[in-house]
Amino acid sequence: MSGLIHDSDEHRAIRESVAGIANRYGPQYFLQRGRNGEDIDDLWKDLGAAGLLGVHLPEEFGGGGGGMAEAVVVVEELAAHGMPMLIWVISPAICGSILAHHGSPDMKRRWLPGIADGTEKMAFAITEPDAGSNSHNVKTTARKSSTGWVLSGSKYYISGIDQCDAVLVVARDADLSTPDKPRLSLFVVPTDSAGLTYQQIDTSIVSPDKQFTVFFDDVEVTRDALIGQAGNGLRQVFDGLNPERILVGAICGGVGRYAVTKAADYAKERQVWSTPIGAHQGIAHPLAESHIAVELSRLATALSAELFDTGQPAGEAANIAKFAASEAALKALDQAIQTHGGNGLAHEYGLSELWFVTRLMRTAPVSREMVLNFVAQTSLGLPRSY
Ligand SMILES: Cc1cc2nc3c(=O)[nH]c(=O)nc-3n(C[C@H](O)[C@H](O)[C@H](O)COP(=O)(O)OP(=O)(O)OC[C@H]3O[C@@H](n4cnc5c(N)ncnc54)[C@H](O)[C@@H]3O)c2cc1C
């Protein structure tokens with residue numbers, strides 16, 4: 001299938017490398033593992049060994065020395081092979097980017113090489129039951145102790161913490177915050193710390209990455225667990241949130257490609273009247289529209305990655321890409337299911353089970369409404385309602 005993105009030689013090589021590994025496993029491996037609650041450690045190990053988990057991380061810490069543009073190619077190509085990987089966005093992308101920008105040299109040496117080669121993973125915890133979209137209202141608190149910090153509170157919808165060695169926690173700094181003005185600090189907390197527990201949240205998402213509520217019951221961490229500057233957490237976290245939005249754009253661009261390609265292939269073969277079903281405009285036009293929407297969203301994602309990599313303001317582009325790609329992917333997937341008739345709902349065709357992981361992208365990491373708020377306020381200068 002053709003498209004609007006024209007890869008450089010380097011990007012083409014990355015894409016081929018991802019495709020080579022993804023084809024060895026196939027979408028059914030990913031879906032079956034997700035369905036059975038099993039891990040994808042073999043695949044993750046292979047991606048790490050091929051340098052495909054740290055393409056955007058600094059070379060001196062085991063990465064490939066590229067940027068978001070290269071991460072987009074990897075994540076999109078995995079999703080285009082039926083493997084939309086939440087953990088890639090969380091561990092290498094959000095946590096890796098925050099550590100690469102704000103971690104101390106020791107912290108980078110400790111965590112980045114393992115994240116890049118796939119031997120270690122880090123979860124990301126900002127969302128709270130009583131804060132949700134309002135990150136300023138975070139209640140998980142970090143208090144200074146004689147040896148470091150003590151964390152207490154809870155987080156929810158923390159993806160993949162059961163497979164992670166540490167979690168990057170966004171906490172309210174007890175010393176620097178006032179009742180009116182919270183100041184946030186970021187910490188790397190090993191998942192085997194005393195007082196850290198978690199409980200699975202059952203969801204409809206078919207994915208090897210599960211969701212958890214995480215409890216911090218006076219969890220002690222040493223001084224060197226603090227990332228960057230105390231009280232500067234929200235600004236630091238924003239360096240991870242643009243990559244998150246860009247890579248959700250990439251996942252959705254990949255799911256969109258997967259759905260449109262599968263639907264077009266099916267529509268060329270399936271015949272119930274005198275011509276293949278793809279000849280009926282009722283089937284062909286919605287697929288053509290989906291292709292257009294998916295390709296435009298891929299352009300927006302590529303542009304936002306380029307802006308981020310060249311140090312230009314990327315917030316507007318990243319939000320637009322995330323919005324456009326998630327809407328396009330969902331519509332494309334729905335149309336692919338429709339094109340397959342009854343088969344669209346069979347596990348064998350690998351479509352319907354991707355529904356909730358794709359639907360999730362409308363809600364997380366930032367909801368559709370919060371993206372629209374951002375665009376209304378930042379792009380259009382409209383007043384806030386909250
Ligand atoms: C599968 C999954 C994985 C996730 N993984 C992680 C993770 O790894 N780490 C992590 O920290 N978080 C994670 N999240 C949390 C996710 O980021 C939040 O669900 C999301 O930010 C929305 O927060 P909320 O669920 O509390 O909804 P709420 O904030 O309660 O919002 C509910 C609804 O109200 C709307 N709303 C809220 N405020 C406004 C407003 N001002 N204007 C208009 N509409 C508004 C929202 O858009 C939404 O539709 C995950 C969520 C899911 C579902």
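**Exercise 1. In this predicted model, decide whether E77 is buried or exposed, then list what surrounds E77.**

Step 1: Start with the relative accessible area of E77, which is 5%. The cut-off for buried is under 20%, so E77 counts as buried.

Step 2: Place the residue in the fold. E77 belongs to helix 4, residues 68–80.

Step 3: Skip the neighbours within four places in sequence and look for contacts. What remains for E77 is R15, V18, A19 and R257.

**Exercise 2. Work out which residues have the most contacts inside the largest nonpolar core, and look at W88 in detail.**

Step 1: Get the extent of the core. The largest nonpolar core has 114 residues.

Step 2: Pick out the residues with the most contacts inside this core: M85, W88, F124, L151, F187 and L247.

Step 3: Ask which helix gives the most to this core. That's helix 7, with 16 residues.

Step 4: Zoom in on W88. Leaving aside neighbours within four places in sequence, W88 touches W44, L52, L53, V55, H56, A71, V74, V75, L78, A93 and L247. Notice that L247 turns up in this contact list and also among the core residues with the most contacts.

**Exercise 3. Describe how helix 7 and helix 8 pack.**

Step 1: Recall the two numbers you need. A packed pair of helices is described by the angle between the axes and the distance between them.

Step 2: Read them off. Helix 7 (residues 233–269) and helix 8 (residues 281–309) pack at about 155 degrees, and their axes are 9 Å apart.

Step 3: Classify the angle. Over 145 degrees counts as roughly antiparallel, so helix 7 and helix 8 are roughly antiparallel to each other.

Step 4: Add the handedness. Helix 7 passes helix 8 in a left-handed crossing.

Step 5: Sort the contact of helix 7 with helix 8 by class: 12 nonpolar, eight polar and four charged residues.

**Exercise 4. Track down some backbone oddities: Y157, D218 and the peptide bond from A364 to P365.**

Step 1: Set the baseline. Most residues other than glycine have a negative phi, and most peptide bonds are trans.

Step 2: Check Y157. Its phi is positive, near 60 degrees. Y157 sits in strand 3, residues 148–159, and counts as partly exposed because its relative accessibility is 44%.

Step 3: Check D218. Here phi is also positive, near 50 degrees, and D218 lies in strand 7, residues 211–222.

Step 4: Check omega. From A364 to P365 omega is near 0 degrees, a cis peptide bond. P365 falls in the loop between helix 10 (355–360) and helix 11 (368–379).

Note on methods. Residues are numbered from 1 along each chain as its sequence is written. This is a predicted model: local features need pLDDT of at least 70, side-chain atom pairs count only at pLDDT 80 or more; totals for chains, interfaces and linings use all residues. Side-chain values use heavy atoms; hydrogens and water are left out. Axes are lines fitted to C-alpha atoms, for helices over the stretch in contact, and angles run from 0 to 180 degrees between N-to-C directions. Helices (H or I, at least four residues) and strands (E, at least two) are DSSP runs, numbered from the N terminus. Angles under 35 degrees count as roughly parallel, over 145 as roughly antiparallel, 65 to 115 as roughly perpendicular and the rest as oblique. A crossing is left-handed if the near helix is turned anticlockwise from the far one by less than a right angle, and right-handed if clockwise. Ala, Val, Leu, Ile, Met, Phe, Trp, Tyr, Cys and Pro count as nonpolar, Asp, Glu, Lys and Arg as charged, and the others, Gly among them, as polar. Buried means under 20% relative accessible area, exposed over 50%, partly exposed in between (1.4 Å probe, protein chains only). A nonpolar core is a set of buried Ala, Val, Leu, Ile, Met, Phe, Trp, Tyr and Cys residues joined through side-chain atoms within 4.5 Å. Contact means heavy atoms within 4.5 Å.
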